[in-house]
Amino acid sequence: MSESRSSPGYHLATELVHIDSDAVKDNYNAASVPIYQTATFKQSQADGSGGEYDYSRSGNPTRTAVESHMAKIMKADRAFVVTTGMTALDVILRLVKTGQEIIAGDDLYGGTNRLLTYVSQYSGVKVHNVDTTDVDRVLERLDAVKTRL
């Protein structure tokens, strides 16, 4: 358990604005976490074992700081931050297993619709597209055993 989660803690408003700078190793002792805008990081070894970060898409110090902060304010062991909504949806959909069901809106972003169609066709997951502004339509599809999302 991290030190911040085991301490008494502050009010949520204080926790939200106070970033633990210990989450990122900063050689220059910046007062706040810097935003790293580089795509690649120098490596000391040719075999890829030379540093914590290699390419920004797989991780960078800024993302590490955000993940650490999110975990702290959510009182979780870890948080995982991704760069796009579609990536977030992909991560969440991996929690749905064959035979389970998803209730989704009937007016979705095209990319979301294509991803749900793919999951439905190739993963054995049933997707119900309903008017989510009508609670009765959602309740009609809700199954206490099969509905995952």
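User: To begin with a single residue of this model, in which helix is the place of Leu16?

Analyst: Leu16 belongs to helix 2, which covers residues 12–17. Please keep in mind throughout that the model is predicted.

User: Is Leu16 buried or exposed, or does it fall in between?

Analyst: Burial is read from relative accessible area: under 20% is buried, over 50% is exposed, and partly exposed lies in between. Leu16 has 42% relative accessibility and therefore counts as partly exposed.

User: Which residues form a nonpolar patch on the surface with Leu16?

Analyst: The nonpolar patch consists of Leu12, Leu16 and Val17, and the accessible area of these residues together is about 300 Å².

User: How should the overall architecture be described, and in what order do the elements run?

Analyst: One counts the elements and then follows them along the chain. The protein chain has six helices and two strands. Read from the N terminus, the order is α-α-α-α-β-α-β-α.

User: What does the radius of gyration of the protein chain show beside that of a compact globule?

Analyst: The value is set against the expectation for a chain of equal length. For 149 residues, a compact globule would have a radius of gyration near 15 Å, whereas the protein chain has 20 Å. The C-alpha trace spans about 55 × 45 × 25 Å along its principal axes.

User: What share of the residues counts as buried, and how much accessible surface does the protein chain have?

Analyst: Buried residues make up 24% of the 149 residues. The accessible surface is about 11,100 Å², and carbon and sulfur atoms account for 52% of that surface.

User: Among contacts between residues at least 6 apart in sequence, what percentage joins residues at least 24 apart?

Analyst: For the protein chain this share is 51%.

User: Let us turn to His69. Where is its place, and which residues is it in contact with beyond its sequence neighbours?

Analyst: His69 sits in helix 3, which comprises residues 61–74. With neighbours within four places in sequence left aside, the contacts of His69 are Glu15, Leu16, His18 and Ile19. Leu16, the residue in helix 2 with which we began, is thus one of the contacts of His69. A polar atom of the His69 side chain also lies 3.5 Å from the backbone oxygen of Glu15.

User: Why does His69 count as buried?

Analyst: The relative accessibility of His69 is 10%, so His69 counts as buried, the limit being under 20%.

User: How are salt bridges to be read, and how many does a search of the whole structure find?

Analyst: Side chains of opposite charge can pair when their charged atoms come close. In the whole structure the search finds six salt bridges. One of them joins the side chains of Glu67 and Arg63, at 3.5 Å from N to O. Because Glu67 and Arg63 are four residues apart in helix 3, about one helical turn separates them. Both Glu67 and Arg63 are buried.

User: Which parts does the pair of Glu67 and Arg78 tie together?

Analyst: The side chains of Glu67 and Arg78 form a salt bridge at 4.0 Å, N to O. Glu67 lies in helix 3 and Arg78 in the loop between helix 3 and helix 4 (85–93), so the pair links parts eleven residues apart in sequence. Glu67 counts as buried because its relative accessibility is 12%, whereas Arg78, with a relative accessible area of 63%, is exposed.

User: Where else is there a salt bridge, and what relative accessibility do Arg137 and Asp134 have?

Analyst: Arg137 and Asp134 meet through their side chains in a salt bridge of 3.0 Å, N to O. Arg137 is partly exposed at 35% relative accessibility, and Asp134 is partly exposed at 24%. As for the salt bridges discussed before, shared partners join Arg63, Glu67 and Arg78 into one network.

Notes: Residues are numbered from 1 along each chain as its sequence is written. This is a predicted model: local features need pLDDT of at least 70, side-chain atom pairs count only at pLDDT 80 or more; totals for chains, interfaces and linings use all residues. Side-chain values use heavy atoms; hydrogens and water are left out. Patches are made of residues with over 30% relative accessible area and no salt bridge: like charges are joined within 9 Å, nonpolar side chains (Val, Leu, Ile, Met, Phe, Trp, Tyr) within 5 Å. Accessible areas come from the Shrake-Rupley method with a 1.4 Å probe; for residues, only the protein chains shown count as cover. Buried means under 20% relative accessible area, exposed over 50%, partly exposed in between (1.4 Å probe, protein chains only). The radius of gyration is taken over C-alpha atoms; the globule rule is 2.2 Å times the number of residues to the power 0.38. Contact means heavy atoms within 4.5 Å. A polar contact is a pair of N or O atoms within 3.5 Å; within protein, one must be able to donate a hydrogen and the other to accept it, and residues adjacent in sequence count only if both atoms are side-chain atoms.
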